[in-house]
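Here are my notes on the model you sent, set out as numbered points so that each can be checked against the coordinates. I begin with the overall dimensions and then go through the helices and a few individual residues.

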Amino acid sequence: MKREEISEQLTTIVGKTIRESRKEMEMSLKKAKLILESSDQIFSESTVFSSSDSKITKKVLWDPLGVVFALSPWECPVFETMDTVVAAILSGNSVLLKDH
């Protein structure tokens, strides 16, 4: 589906003007791009503590949860769910998205 088609659907379903819908799509795509560009830093394994003798180490690991359920708010359905959906997919999860 193309950006303009989604904008038209937003206008029909949510009641926004076409200009508002196009702006939401533009902002949503910028948000997704930012998350994608930062994904190496966001989802990388990191050590948060390591004892001087290296016997104790605490790490942050990113493991898929399975299926992530996301609810889309009525007023900004694409923009507000973009970070949840993109992050869930990048971390190896499936996403079930429920619109308003």
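1. The radius of gyration of this predicted model is 18 Å, whereas a compact globule of 100 residues would come near 13 Å. The box filled by the C-alpha atoms, taken along the principal axes, is roughly 60 × 25 × 20 Å. Of the 100 residues, 27% count as buried. Among contacts with a separation of 6 or more, 55% join residues that are 24 or more positions apart.

2. As for the secondary structure, the protein has three helices and four strands, and from the N terminus on these elements follow the order α-α-β-β-β-α-β.

3. Helix 2 covers residues 18-42, and its 25 residues reach 34 Å from the first C-alpha to the last, which is close to the 36 Å expected at 1.5 Å a residue. That span should be read together with a kink of about 30° in helix 2, which is centred on Leu36.

4. Which residues of helix 2 are buried? They are Ser21, Glu24, Met25, Ser28, Lys31, Ala32, Ile35, Ser38 and Ser39, and what covers them includes helix 1 (3-14) and helix 3 (77-90). In reading such a list it helps to recall that an α-helix has 3.6 residues a turn, so residues three or four places apart point the same way.

5. One of the buried residues of helix 2, Lys31, also deserves a look for its position relative to an aromatic ring: Lys31 lies over the face of Phe79, at 4.0 Å from the ring centre. Pairs between aromatic rings are another matter, and with ring centres required to lie within 6.5 Å, the count of aromatic pairs comes to zero.

6. Arg19 is also found in helix 2, but Arg19 is exposed, with a relative accessible area of 71%. Between Arg19 and Glu8 there are 9.7 Å in space, C-alpha to C-alpha, and the two residues are 11 apart in sequence.

7. Is Lys16, in the loop between helix 1 and helix 2, buried or exposed? Lys16 counts as buried because its relative accessibility is 14%, which falls under the 20% limit. Leaving aside residues up to four places away in sequence, Lys16 touches Leu10, Thr11, Ser21, Glu24, Glu75 and Cys76; of these, Ser21 and Glu24 appear among the buried residues of helix 2. Lys16 and Cys76 are 60 residues apart in sequence, yet their C-alpha atoms are 9.6 Å apart in space.

8. Helix 3 has 14 residues and reaches 20 Å from its first C-alpha to its last, close to the 20 Å expected at 1.5 Å a residue. Helix 3 nevertheless contains a kink of about 35°, centred on Asp83, and just after helix 3 the residue Gly92 takes a positive phi of about 95°.

9. The buried residues of helix 3 are Pro77, Val78, Thr81, Met82, Val85, Val86 and Ala88. They pack against helix 1, helix 2, strand 3 (67-71) and strand 4 (94-98), so that the description of this helix involves both helices and strands as partners, by the contact criterion of heavy atoms within 4.5 Å.

10. Thr84, whose place is in helix 3, is partly exposed, with a relative accessible area of 38%. Thr84 and Phe69 are 15 residues apart in sequence, and their C-alpha atoms are 9.4 Å apart in space.

11. Lys98 is found in strand 4 and is partly exposed, because its relative accessible area of 40% lies between the 20% and 50% limits. What does Lys98 touch, not counting residues up to four places away in sequence? The residues are Phe69, Ala70, Leu71 and Ser72. Lys98 and Thr57, by contrast, are 41 residues apart in sequence and 39 Å apart in space, C-alpha to C-alpha.

Notes. Residues are numbered from 1 along each chain as its sequence is written. This is a predicted model: local features need pLDDT of at least 70, side-chain atom pairs count only at pLDDT 80 or more; totals for chains, interfaces and linings use all residues. Side-chain values use heavy atoms; hydrogens and water are left out. Rings of Phe, Tyr and Trp (its six-membered ring) pair if their centres lie within 6.5 Å; planes under 30 degrees apart count as stacked, over 60 as edge-to-face and the rest as tilted. A charge sits over a ring if NZ of Lys or CZ of Arg is within 6 Å of the ring centre and within 35 degrees of the ring normal. Helices (H or I, at least four residues) and strands (E, at least two) are DSSP runs, numbered from the N terminus. The expected span of a helix is 1.5 Å times one less than its number of residues. The bend at a residue is the angle between axes fitted to the seven residues ending there and the seven starting there. Buried means under 20% relative accessible area, exposed over 50%, partly exposed in between (1.4 Å probe, protein chains only). The radius of gyration is taken over C-alpha atoms; the globule rule is 2.2 Å times the number of residues to the power 0.38.
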